[in-house]
Amino acid sequence: MTIRRLPREAGTPRRTRLTTAVLAAALTPLALTLSVPAAHAATAAAPYDFNGDGRTDLAIGAPGATVSGQAKAGAVTVVYGSTSGPKSSTRTLLTQNTAGLPGAAEADDAFGSALASADLNTDGYADLLIGTPGEDGSDTNDGTVTIVWGSASGLSGARSLFSFFSTDYDRYGRALAVGDFDGDGDIDIAVGSTGPITLSLVNGPITRTGGSNGGSGSGNDWWLSSDGVTHLSSGDVTGDGRPRVVLHGRAAHNRAATTSLADVRIGNYVDWLQKLPAGFVSAVGDIDGDGHDDIVVGNDREASADPAGALGGKVSVVYGGPEGPDPDRAPLVLTQATAGVPGAAEKDDRFGSGVSLGDANGDGYADLAIGTAGENGSAGAVTVLYGSASGLTTRGATSYTQNTAGVPGTSEKGDRFGERVALTDHTGDRRADLSVSAPGENAGDGAVWSLRSTATGPSASGSTSFGPGTTGISTAGSPGYGTALTP
């Protein structure tokens, strides 16, 4: 076990043998692609509500985007919410060449590989965190994370996140999660990486100009694989008001998926990991309304590719309780062979490629969107299942493809519709709308769909779609628009 901690500090960080240089804030306002309507700020904005108008905005990562001739430099588009859903006409385009952002767009930076959001400085506007794991720093692929600040007019101004252990990891920013992990009232940030340090925790508060408040890093002897931490999510599983972190990695001896729940406030939390069903992605939310967030883990691999996989892929639902996973409720395992789940379990369907939890029908219970990016020759599909007081149910389950009436486009092999999914309220009606990405659309250009939710769930009627060209990103190469999506 390796855990290295830095103390809470005022001003310049104390020098240690670890790299603890604080990167200066960049306060020059960003150049917005188009104007965004001003909104009145409210205290503690919800994640991804960058202009404080009560509607979640849609952040879309295209880490393969070419920027100023630099292949795979990466880009992020933020499309702002409205009463009719995300409007591509009101957007902000972000690259490392955007005025006010630290760094510069360089080949293979992969800016936009991971996204997260919280109101870090509690000014009533959510802020956006962007992972750039290919950034060269003290060594090749050192990685970095950029914070872009919310405001009444949208995103404006940026700084780099503190990077305490840069000589001890690579690909910093490949995974991100946020929450008040130590229970002190300030938002902290968890960052995944590879190398000797695989998980870094940056203590809040994090402000536009403030110094470091310390942090910690844990070693890879609990993942062992050189892949390090591959995905992160977080939520209040125990119901005590303090989120736990869901960690994904791969074992060294067989490269099998490994997933665990961690209470990172515990000093030696790597000795107290709670094992979860193994998978590659996860989402956290309260499916049964009991005050304990539940954990959904997606494993889209065949059993031949991963020991915990299944024919066509599977999704596991772990119900939360006061001590973490509820020991009195066995995990619910879902495949396309489960009664009530649309479709059939077929090889390489990739059921569970993306998962997201949100209240799509406004009944107070979190519902589950599941991507099946390999369906029908990787044309892709999405399934929505509904929460209830007794847990997740397959009653009323719905499925969507590009061939569904009302959904723009046509299902084509290789589109990977459902690679990533998101259930968030873009209209302000307290129902989570469904967003779906297909990074393979149009030979790797990628695209995103938005389906507005109703009292019966997401509706294909009036759904919209847009791609990189519509939102200012070059289609040179394969941008992979939608590789990362608002969780």
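The exercises below, each with a worked solution, concern a predicted model of one protein.

**Exercise 1. Overall form**

Task: Decide whether the radius of gyration of the protein agrees or disagrees with that of a compact globule.

Solution.
- Step 1. The protein has 487 residues, and a compact globule of that length would have a radius of gyration near 23 Å.
- Step 2. The value for the protein is 21 Å, which agrees.
- Step 3. Along the principal axes, the C-alpha atoms fill a box of roughly 60 × 50 × 40 Å.
- Step 4. As for burial, 60% of the 487 residues count as buried. The accessible surface comes to about 16,900 Å², and carbon and sulfur atoms account for 50% of that area.
- Step 5. The secondary structure consists of two helices and 33 strands. Among contacts between residues at least 6 apart in sequence, 57% join residues at least 24 apart.

**Exercise 2. The largest nonpolar core**

Task: Find which residues have the most contacts inside the largest nonpolar core, and which strands each supply at least two of its residues.

Solution.
- Step 1. The core has 21 residues, and those with the most contacts inside it are Leu-129, Leu-161, Ile-189, Val-202 and Ile-206.
- Step 2. At least two core residues come from each of E5 (114-118), E7 (144-148), E9 (170-179), E10 (188-194) and E11 (197-202).
- Step 3. Take Val-202 and set aside its neighbours within four places in sequence: its contacts are then Leu-161, Phe-162, Phe-164, Tyr-172, Asp-188, Ile-189 and Gly-214. Two of these, Leu-161 and Ile-189, are also on the list in Step 1.
- Step 4. In soluble globular proteins, nonpolar side chains tend to be buried together.

**Exercise 3. Strand E9 and its partner**

Task: Work out whether E9 is largely enclosed or largely open, and in which sense it pairs with E10.

Solution.
- Step 1. Of the 10 residues of E9, seven are buried, so the strand is largely enclosed by the rest of the structure.
- Step 2. Six bridges link E9 and E10, in the antiparallel sense.
- Step 3. One bridge can be located by residue: Ala-177 has Ala-190 in E10 as its partner.

**Exercise 4. Two residues in strands**

Task: State whether Thr-132 and Leu-115 are buried or exposed.

Solution.
- Step 1. Thr-132 belongs to strand E6 (residues 127-132). Its relative accessible area is 0%, and the limit for a buried residue is under 20%, so Thr-132 is buried.
- Step 2. Beyond its neighbours within four places in sequence, Thr-132 is in contact with Gln-96, Asp-109, Ala-110, Phe-111, Gly-143, Thr-144, Tyr-172 and Gly-173.
- Step 3. Leu-115 lies in strand E5. At a relative accessible area of 7%, Leu-115 is buried by the same limit.
- Step 4. Leu-115 and Thr-401 are 286 residues apart in sequence, and their C-alpha atoms are 25 Å apart in space.

**Exercise 5. Two open sheets**

Task: For each of two open sheets of four strands, give the strand order and name the edge strands.

Solution.
- Step 1. One sheet has the order E13-E14-E15-E16, with antiparallel pairing. Its edges are E13 (231-235) and E16 (274-276); each has a single partner strand, so one side of each is left without a neighbour in the sheet. The twist from one strand to the next averages 25 degrees.
- Step 2. Within this sheet, six bridges connect E14 and E15. Val-246 has Leu-261 in E15 as its bridge partner.
- Step 3. The other sheet runs E27-E28-E29-E32, also with antiparallel pairing. E27 (420-424) and E32 (464-466) are the edge strands, pairing on one side only. Here neighbouring strands are turned by 15 degrees against each other on average, direction ignored.
- Step 4. E27 is joined to E28 (residues 433-438) by five bridges. Thr-424 has Asp-433 in E28 as its bridge partner.

**Exercise 6. Backbone features in loops**

Task: Locate a cis peptide bond and two arginines with positive phi.

Solution.
- Step 1. The bond from Gly-204 to Pro-205 is cis, with omega near 0 degrees. Pro-205 lies in the loop between E11 and E12 (215-219).
- Step 2. Arg-255 has a phi near 60 degrees, and sits in the loop between E14 (244-250) and E15 (257-262). With a relative accessible area of 36%, Arg-255 is partly exposed.
- Step 3. For Arg-416, phi is about 65 degrees. This residue lies in the loop between E26 (393-400) and E27, and its relative accessibility of 29% makes it partly exposed.

Conventions
Residues numbered from 1 in each chain as written. Predicted model: local features only at pLDDT ≥ 70, side-chain atom pairs only at ≥ 80, totals over all residues. Heavy atoms only, no water. Core = buried A, V, L, I, M, F, W, Y, C linked by side-chain atoms within 4.5 Å. Buried < 20%, exposed > 50% of the residue type's maximum accessible area, 1.4 Å probe, protein only. Contact = heavy atoms within 4.5 Å. Pairing = 2+ DSSP bridges. Axes fitted to C-alpha atoms, helices over the stretch in contact; angles between N-to-C directions. Rg over C-alpha atoms; globule rule 2.2 N^0.38 Å. Areas by Shrake-Rupley, 256 points an atom, 1.4 Å probe, with all protein chains shown as cover.
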